[in-house]
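Colleague: I'm new to reading protein models, and I'd love to go through one with you. Could you show it to me first?

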There are 2 protein chains.
Amino acid sequence: MDAKILCLAALSQGDASGYEIRKIVKSGLLGHSRDIGYSSIYPALSCLLNDGLASVTKYSQIGRPGKKVYRLTPDGRMSLLGALKKPTEVDKTRSDFLFRMLFADILPPSVVEQMIDTKLREIEATLARIDTSADAGFESPGEAFVGGYAAAIQRAMANYIADNRHQLVGSFPGPSNKVRS
Amino acid sequence: MDAKILCLAALSQGDASGYEIRKIVKSGLLGHSRDIGYSSIYPALSCLLNDGLASVTKYSQIGRPGKKVYRLTPDGRMSLLGALKKPTEVDKTRSDFLFRMLFADILPPSVVEQMIDTKLREIEATLARIDTSADAGFESPGEAFVGGYAAAIQRAMANYIADNRHQLVGSFPGPSNKVRS
DNA sequence: TTATACATGTAACTAGTTACATGATTGA
DNA sequence: TCAATCATGTAACTAGTTACATGTATAA
């Protein structure tokens, strides 16, 4: 299970509850390599406990549900290191945007325009997120590298789209009737 | 099911068997947005048949298993167009490479070097694949856009890695003993 | 002779998502 | 007052992968 390794990774940077791990992944640099939901995190954490890779401390809070803060055990750190050393899997991208763009010529131009604008806003949001991480300060050379890498790619996307979107709309004829033939 | 739309998309560019669809996705531009295996394709194709979105013709071949070539019906084309018009989902990247690089400082430098070299080779292979598609000629402005986009991003990755890999290895002290503490 | 390409399909398994269940606090 | 944030967890479902089953032809 991949969620386990992700939790191990998140916890290696500091103790956290399941809820906090989600936030770390969603808003931090870890999120550039993977995504994960609560329903994967909570079972994964139980699993880590079972395997002796993490320990837990329960905190009661007033007017809030109790918080369970997890901490890596030495075994947990070893296990993470072992997982990190394994050969990498091939990177995968699942881009609904590119999928749609492949068929730009059979879609109404306004729809294509909208998809492009949505993508550009997405890129802006990602860049803003990276800036936030950068402002908080990178704590390792790895984090700085990943932040820079992610930013470079987002910028390359934005530039390419800005330079080439005219190819998709405007120069070409009609929309929907093309597909019906 | 996503595999259905992918098959619809592949078939919209010409009749094909399940085996051929796999090849189209793996080696063509469609593969930059999604991946898929045989065991997703064959059930998806049966489904398309059931729903009247595709028709099939069986060819016997000497010394080869019989081939079932699928063709989109008009309903199939409409269905594809409908799916394409829907708002796009957010693009997702699952990068084992970035995940590992985040922890470069606790990995042995040689391991990090190897991961970087593997990633660079991966990029080369992807660029070569795009070139092959380009040489075969793009048949729509969408294909040209996607080919260019994918190439631009791969180049941005390679450039960033070339310019910044020194941050990860060399300047920093030790490997494995750091994690044991 | 060994691996790869050709070609289709099912069964079992893995991993992840969505929806459900519960409920106080805080900010707009 | 309405949405969002805090906080944990389960059940049901979706989607995809790996392994299995079968077998010929061709290129290295």
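Modeller: Let's begin with one term: a residue is near a DNA strand if one of its heavy atoms lies within 4 Å of it. Please also keep in mind that this is a predicted model.

Colleague: Good, let me use that term straight away. Which residues come nearest to DNA strand C?

Modeller: There are 23 residues around DNA strand C. From that group, the ones that come nearest are A:Ser39, B:Tyr19, B:Tyr42, B:Gln61 and B:Lys68.

Colleague: And what share of the strand C atoms within 4 Å of the protein is sugar and phosphate?

Modeller: Here we look at the atoms of DNA strand C that come within 4 Å of the protein. The part of them that belongs to sugar and phosphate is 66%.

Colleague: Which part of DNA strand C does A:Ser39 approach?

Modeller: Let's compare a few contacts. B:Lys68 places a polar side-chain atom 2.3 Å from a phosphate oxygen of DNA strand C, and a backbone N or O atom of B:Tyr19 is 2.9 Å from a phosphate oxygen. For A:Ser39, a polar side-chain atom sits 2.9 Å from a base oxygen.

Colleague: Which element gives the most residues to the surface near DNA strand C?

Modeller: Both chains take part: α1, α3 and β2 of chain A, and α2 (18-27), α3 and β2 (64-72) of chain B, each supply at least two residues. By class, that surface has 7 nonpolar, 9 polar and 7 charged residues. The element that gives the most, with 6 residues, is β2(B).

Colleague: Now for the other DNA strand. Which residues come nearest to DNA strand D?

Modeller: Around DNA strand D there are 22 residues. Sugar and phosphate make up 67% of the strand D atoms that come within 4 Å of the protein. The residues that come nearest are A:Tyr19, A:Tyr42, A:Gln61, A:Lys68 and B:Ser39.

Colleague: How far is the side chain of A:Lys68 from a phosphate oxygen of DNA strand D?

Modeller: It helps to see some other contacts with this strand too. The side chain of A:Tyr42 has an N or O atom 3.0 Å from a phosphate oxygen, while B:Ser39 has a polar side-chain atom 2.9 Å from a base oxygen. For A:Lys68, the distance from a side-chain N or O atom to a phosphate oxygen is 2.3 Å.

Colleague: Which element supplies the largest share of the surface near DNA strand D?

Modeller: In chain A, α2 (18-27), α3 (38-50) and β2 (64-72) each supply at least two residues, as do α1 (2-11) and α3 (38-50) in chain B. The residues of this surface divide into 7 nonpolar, 9 polar and 6 charged. The largest share, 6 residues, comes from β2(A).

Colleague: Let's turn to the two protein chains. What area is buried between chain A and chain B?

Modeller: A nice way in is to count residues: 67 of chain A are in contact with 67 of chain B. Carbon and sulfur atoms give 68% of the area buried between them. That buried area is about 6700 Å².

Colleague: How many salt bridges are there between chain A and chain B?

Modeller: One example joins B:Arg34 to A:Asp96, with the closest N and O atoms 2.5 Å apart. Over all chains, the whole structure has 22 salt bridges. Between chain A and chain B, the count is 6.

Colleague: What is the bridge partner of A:Thr93 in β3(B)?

Modeller: The two chains also meet through strands. β3(A) is joined to β3 (residues 92-94) of chain B by 3 bridges, and the strands run antiparallel. In this pairing, the partner of A:Thr93 is B:Thr93.

Colleague: Which residue in the turn between β1(B) and β2(B) has a positive phi?

Modeller: Strand β1 (residues 54-61) of chain B pairs with β2(B) in the antiparallel sense over 7 bridges, and B:Val56 stands opposite B:Tyr70. These strands form a hairpin with 2 residues between them. The turn residue with a positive phi, about 65°, is B:Gly63.

Colleague: One last thing: how many residues apart in sequence are the parts tied together by A:Lys4 and A:Asp51?

Modeller: Their side chains meet in a salt bridge, at 3.5 Å from N to O. A:Lys4 lies in helix α1 of chain A and A:Asp51 in the loop between α3 and β1 (54-61) of chain A, so the pair ties together parts whose separation in sequence is 47 residues.

Technical notes. Residues are numbered from 1 along each chain as its sequence is written. Chains are lettered from A and ligands numbered from 1 in the order in which they are written. This is a predicted model: local features need pLDDT of at least 70, side-chain atom pairs count only at pLDDT 80 or more; totals for chains, interfaces and linings use all residues. Side-chain values use heavy atoms; hydrogens and water are left out. Contact means heavy atoms within 4.5 Å. Buried area is the accessible area (1.4 Å probe) that two parts lose on being put together, summed over both. A salt bridge is a side-chain nitrogen of Lys or Arg within 4 Å of a carboxyl oxygen of Asp or Glu. Two strands pair if DSSP finds at least two bridges between them. Helices (H or I, at least four residues) and strands (E, at least two) are DSSP runs, numbered from the N terminus. A polar contact is a pair of N or O atoms within 3.5 Å; within protein, one must be able to donate a hydrogen and the other to accept it, and residues adjacent in sequence count only if both atoms are side-chain atoms. Ala, Val, Leu, Ile, Met, Phe, Trp, Tyr, Cys and Pro count as nonpolar, Asp, Glu, Lys and Arg as charged, and the others, Gly among them, as polar.
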